[in-house]
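The exercises that follow are to be worked with the sequence and the coordinates open side by side. Each one sets a task and then goes through its solution step by step.

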Amino acid sequence: MYNKKECVAMLLAGGQGSRLYALTKNVAKPAVPYGGKYRIIDFPLSNCVNSGIDTVGVLTQYQPLVLNDYIGNGQAWNLDRIHGGVHILPPYQSSSGAQWYEGTANAIYQNLSFIDRYDPEYVVILSGDHIYKMDYSDMLSYHKKKNAACTIAVLNVEYEEASRFGIMSTDETGAITKFVEKPKEPESTLASMGIYIFSYPALKKYLIENEEDTSATKDFGKNIIPAMLAAKERMYAYSFEGYWKDVGTIDSLWEANMDLLSPSVTLDLYDPAWKIYSNNDSRAPQLIGSDAKVQNSMITTGCVIDGFVDFSVISGGVTIEEGAVVADSILMPGATVRKGAVVEYSIVGENSVIEAGAHIGARPESYESKSDWGVAVVGHDVTIGQGAVVAPKQIIDHDI
Amino acid sequence: MSYNMTNVLGILFANSHDETLPELSSNRTMGSVPFGGRFRLIDFLLSSMVNSGMSTVGVITKSNYQSLLDHVGSGRQWDLARSDGGLTILPPYGSTGNGQYNGKLDALMNAMGYIVKTPCEYVIMSDCNVIYSADLSKQVEAHIASGADITCVTVTGDYTQSETADAITFEADDSGRVLSTVINPTRSGHYTMSLNTYIVKKQLLVDLVNDLVPRGKCNFDRDILQAMTQKLNIRTYEYTGYYSKISGLDSYYKANMELLKSENLEKIILKKRPVYTKVRDDAPSKYGLNSSVTNSLVADGCVIEGVVENSILFRGVKVSKGAVVRGCILMQDTEIGRATEVSNIITDKNVKIGDELCISSAEGSPLYIAKKRVL
């Protein structure tokens, strides 16, 4: 069978996403719902397909059940191919023993034989925790033009933000001269987006060397990139302009959803030329009842809305009963808000139920000190009993 | 005992009753008429068949079937892309002359090769102008238990003249055995009416077709249901669940609007029996600043910035600022311009209505605007 592919994508989807707390208790971060009908992984997967990359390895480790079920055979993204397509790659046992993935570089190292099957010239490394639309084929053209060993996508961030990211310094040709993970005093504002293209021989060489170094932490940012820089490999920064958001925290997940409701945000989900695919389910269209009031919101199939909805993102199969108020919030698939309950500045997890009269979250205006206030979170499959109160910033992962 | 439903062949007649809905079926089959915000009429029976465990379905079509082919594709959305059986489209066969069928039996004759080849024992055949969700295995089990040759799925009630004008009605004895059949009764009244779904042993159907068609008898309703009540044991099976039957633009409008009541919607699209359809990967619908939507069914991909009441919006509909939509069915990608008011209209796909217009029709007699029209 002729299996050669010019470029293979490897999507790191094994992270726990511990800063999403209750929302990643039972699901891996890439499977966290976003934007009403998507899960985070829809974005890198759709980008791959739209960029002409049809071979994607998805590396899973933490709580892979929902993710595996969601990806299935990849048909939703047109990735059910005879050659290539999407492959789930969990850690496995070999004759020399069994090993979990220890760091991003080690996860790719353990799957070199998967990559070898396609004999690619290039490998794209992606992560499953960012919301963005990007044509990887443009980045690959740049990589080829620069004859690079490694190209890293970078975003120009605010100086105050820079110390949260891996920061690159470049010369006038775009060549990377320095790379520092989360610097205290950043020398530049070019932040790594966690998207790498490697020429495969170089990637393979450095992954193998890194494995042999027992002191290494086996991480791209901490080991592979610095080692390649030290060896004076050709490394280039590829500037990306457009919407990109790391949704690794409660606040950033909430903001990224709210961004969809803002007319000034450039992330366009309605562009037929760059569709974001998702695993659609068969549900009725949304039914907006006679007493409902809905504005400034996104709502998707299977919802039955009889209450008041404002500035919110409502996922599939959500029920909002009469007299309930949902404002500035995210309701994940299958959530129910019963009569007279109030949900403000909150994230309510999948299939959770907010019983009548309960009150989740609060508006920030009523709090003098900003540090006392934050988005309230109700995890997945949780029931909040009648009249119960969940204060701002609280994270609830069990019934109350 | 429950019957193994993989032994039942489904046959759907995509084109029958096209003539009752000329507005919507001039460019498509009855089966591919859009319905309920995101569905096509064929989705309901096809999904019921799949949800009942059937895995072999042939769709008989004679004309205008492009939209049908586009809609069902490989059958994958219904889990009918199979290596054995699955979904098969049966267009007119080359040797039949003018490419038109003279009746249902003629159409079955044309599909005989396919029907004989399927390893199924029974056949459920249905038209696409009825919308209901049922566990068809109950019907098959009742058919087997009763010893009937043909079982007709029926409803009983009082029907208006417009409802009976395109209906098969039965007189049956207390045991359900059909004594006589009336086709398209001209008077309103109390009837036992066919839901156009029939269960029959495959071999019997094959024998009947082979016997009747060469003698010029091609009409299933007239030449079998009506003419053979003595010769065959034809029985009714009373269906008591929720259904809609489309017999014209008015009833099409009414059947859609009934879905605005959640109790009706829940009877047709059950959690345990979903209705499958082609997906389009639209984004969720967006409700803009100061939009107002009440008592409406809205599919994905809509952008609503105006007022929408008592309406059904298919995928990708745009309602601009200041626009008012009342009592309308707006099909896929309809656009309503700024400050335009529309009421009681049905727009077909891709209709564009400009700014500051007012188009309305009397309540109960909706105005139809054809595909791709620009006003």
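**Exercise 1. The interface**

How many residues of chain B are in contact with chain A, and how many residues of chain A do they meet?

Solution. The model is a predicted one. Counting the contacts gives 37 residues on the side of chain B, and these meet 33 residues of chain A. The next step is the area: about 2,800 Å² is buried between chain B and chain A, and carbon and sulfur atoms give 52% of it. Turning to the side of chain B, the residues that lose the most area to chain A are D281(B), P284(B) and Y287(B), which together make up 25% of what that side buries.

**Exercise 2. A charged pair across the interface**

Find which residue of chain A forms a salt bridge with D300(B).

Solution. The search across the interface of chain B and chain A returns 1 salt bridge. Its members are D300(B) and K37(A), whose closest N and O atoms lie 3.6 Å apart; the pair therefore qualifies under a rule that asks for a side-chain nitrogen of Lys or Arg within 4 Å of a carboxyl oxygen of Asp or Glu.

**Exercise 3. Two open sheets**

Establish the strand order and the edge strands of the 11-stranded open sheet, and then do likewise for the 6-stranded open sheet of chain A.

Solution. Reading across the 11 strands gives the order β33(A)-β30(A)-β27(A)-β24(A)-β21(A)-β18(A)-β14(B)-β17(B)-β20(B)-β23(B)-β26(B), with mixed pairing. The edges are β33 (395–396) of chain A and β26 (352–353) of chain B, each of which pairs on one side only. At the chain A end, β30 (residues 376–378) and β33(A) run parallel and are joined by 2 bridges, in which V378(A) has I396(A) as its bridge partner.

The open sheet of 6 strands in chain A has the order β17-β20-β23-β26-β29-β32, and its pairing is parallel. Its edge strands are β17 (293–295) and β32 (389–390). Between β17(A) and β20 (residues 308–310) of chain A there are 3 bridges in the parallel sense, and V294(A) is partnered by V309(A).

**Exercise 4. A helix pair**

Describe how α6 (residues 200–212) and α7 (residues 220–230) of chain A pack.

Solution. The axes of α6(A) and α7(A) are 10 Å apart and make an angle of about 115°, and the crossing is right-handed. From α6(A) the contact draws on A202(A), L203(A), Y206(A), L207(A) and N210(A), while α7(A) supplies F220(A), N223(A), I224(A), A227(A) and M228(A). Sorting these residues by class gives 8 nonpolar, 2 polar and no charged.

Terms used. Residues are numbered from 1 along each chain as its sequence is written. Chains are lettered from A and ligands numbered from 1 in the order in which they are written. This is a predicted model: local features need pLDDT of at least 70, side-chain atom pairs count only at pLDDT 80 or more; totals for chains, interfaces and linings use all residues. Side-chain values use heavy atoms; hydrogens and water are left out. Axes are lines fitted to C-alpha atoms, for helices over the stretch in contact, and angles run from 0 to 180 degrees between N-to-C directions. Helices (H or I, at least four residues) and strands (E, at least two) are DSSP runs, numbered from the N terminus. A crossing is left-handed if the near helix is turned anticlockwise from the far one by less than a right angle, and right-handed if clockwise. Contact means heavy atoms within 4.5 Å. Ala, Val, Leu, Ile, Met, Phe, Trp, Tyr, Cys and Pro count as nonpolar, Asp, Glu, Lys and Arg as charged, and the others, Gly among them, as polar. Two strands pair if DSSP finds at least two bridges between them. Buried area is the accessible area (1.4 Å probe) that two parts lose on being put together, summed over both.
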